[in-house]
Amino acid sequence: MRNKILDILSNSQEEFVSGENISEALEITRAAVWKQIKGLKEAGYVIEGQTKKGYRLVSTPYSLEQWALNKEINTIALGKEIYLFDELPSTNDYCKDLVRQGAEHGTVVIAKKQTLGHGRMQRGWESPLGGLWLSVILKPRLSLGEAAKLTLSTGVALGETLRQLYNIPVGIKWPNDLVVEGKKIAGILGEVVGEWNTVQTLILGIGINGNFPRSILSSDLAAVTLQDILKSDVDLNRLAGKLLQQLEKEVNSLEAGDNQGLLKRWSGLALGIGEEVLVKRGNQEYRGIFKGIQENGEMILEIDGQEISFSSGEVSLRSKEGYSPKQS
Ligand code: BT5
């Protein structure tokens, strides 16, 4: 019912629609219309009401809301099926259940907050209300090796989304942290599910620190939020829509075999290329020049004229200019 009222209001192109028209169209009483409008206002929709003219939709909420979210989705496959929850332990874990139940390529799960959000290697991911905690199920037409590159694609999609929407100097810290001035604003968790001989299914989890102050996260994290940087809130529905659009572009490009394009875009957003970095793997430390990444995502480090690649491990980027990203 709510969504139908919103459809009617938005179809009237900012003109007023009388309560009577709405009640007739939906076959509900005027009082029921009023009650629905009240609920919508509480959910953050700004609706102007005038006794003689009726109602007019002025703006949609910045917080996550199903109708506002659907309106922002302009992709073909990604987000065609989209689930929005007030709270989940973890959107990635929920996607695993959906995959078992046969979920389709492009299914998206979003939670307004997570109680058990996680990062790589069983690390925790703090996910308070106000962030964008989203997972996408992908069944790409790619081999397992190729599909692994999708975490790089996600980094690019996320970096470009944040730059284009908010014009912030965000860069990618290898392998896939999104960082602004040395502080993490978003993270990516890519997981492969299913047996090796079934259709390859990936779950890409994306967490963006959005409309909450950094101060509510644990104090020991090198973290930052969009709210802190922009000094205002952002439209999370729009952010999700744009992110899925960019991600769909990247998935299509990889499926079309454009590995070089991905490498170029990734390198354009990457931090620390050409600089001295320190890579820690287990107890070992390697110091060298960060040359970039290989097509498979491994990082290349030049140590005493020799190139060594690393497929995992923690990389600490050290540079005189801090983490300021190179412009793409
Ligand atoms: C990541 O892991 O950066 C991947 C984060 C993915 C989160 C999304 S949210 C939707 C989906 N559902 C999930 O359950 N997960 C995904 P990693 O590189 O391992 O970084 C984890 C580390 O980041 C932690 O050990 C903390 O040090 C730090 N951290 C935790 N919460 C943070 C936050 N909100 N902002 C910045 N840093 C954080």
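**View 1. Glu27 counts as exposed, at 75% relative accessibility.** This is a predicted model. Exposed here means over 50% relative accessible area, so Glu27 qualifies with its 75%. Find Glu27 in the loop between helix H2 (19-26) and helix H3 (30-42). Now look at the backbone. Glu27 is not a glycine, yet its phi is positive, about 55°.

**View 2. Met121 also has a positive phi, although it is not a glycine.** The angle is about 50°. Met121 sits in the loop that runs between strand S4 (108-114) and S5. Is Met121 buried or exposed? Its relative accessibility is 56%, so Met121 counts as exposed.

**View 3. Trp174 and Pro175 are joined by a cis peptide bond.** Omega at this bond is about 0°. Where in the chain is Pro175? Pro175 belongs to the loop between strand S6 (170-173) and strand S7 (177-180).

**View 4. The ligand takes up the space of the largest pocket.** Around the ligand there are 26 residues. Which of them come nearest? They are Ser90, His118, Arg120, Arg123 and Lys184. Sort the shell by class next. Eight of its residues are nonpolar, 13 are polar and five are charged.

**View 5. Polar atoms of the protein meet nitrogen and oxygen atoms of the ligand.** Start with Gln114. An N or O atom in the Gln114 side chain is 3.0 Å from a nitrogen atom of the ligand. Move on to His118. Here a backbone N or O atom lies 2.8 Å from a ligand nitrogen. Finish at Arg123. A polar atom of the Arg123 side chain lies 2.8 Å from an oxygen atom of the ligand. How much of the ligand does the protein bury? Taken alone, the ligand exposes 800 Å², and the protein buries 91% of that.

**View 6. Helices and strands help to build the shell around the ligand.** Helix H5 (91-100) supplies at least two shell residues. Strand S5 (132-138), strand S8 (183-193) and strand S9 (201-208) each supply at least two as well. Which element gives the largest share? That is S8, with four residues of the shell.

How values were computed: Residues numbered from 1 in each chain as written. Predicted model: local features only at pLDDT ≥ 70, side-chain atom pairs only at ≥ 80, totals over all residues. Heavy atoms only, no water. Near = heavy atom within 4 Å. Polar contact = N/O pair within 3.5 Å; in protein donor to acceptor, adjacent residues only side chain to side chain. Areas by Shrake-Rupley, 256 points an atom, 1.4 Å probe, with all protein chains shown as cover. 1 Å grid on protein atoms, 1.4 Å probe; cavity = no way out; pocket = protein on both sides within 12 Å on 5 of 7 lines; lining within 4 Å. Sits in = over half its atoms within 2 Å of the grid points. Nonpolar A, V, L, I, M, F, W, Y, C, P; charged D, E, K, R; others polar. Buried < 20%, exposed > 50% of the residue type's maximum accessible area, 1.4 Å probe, protein only.
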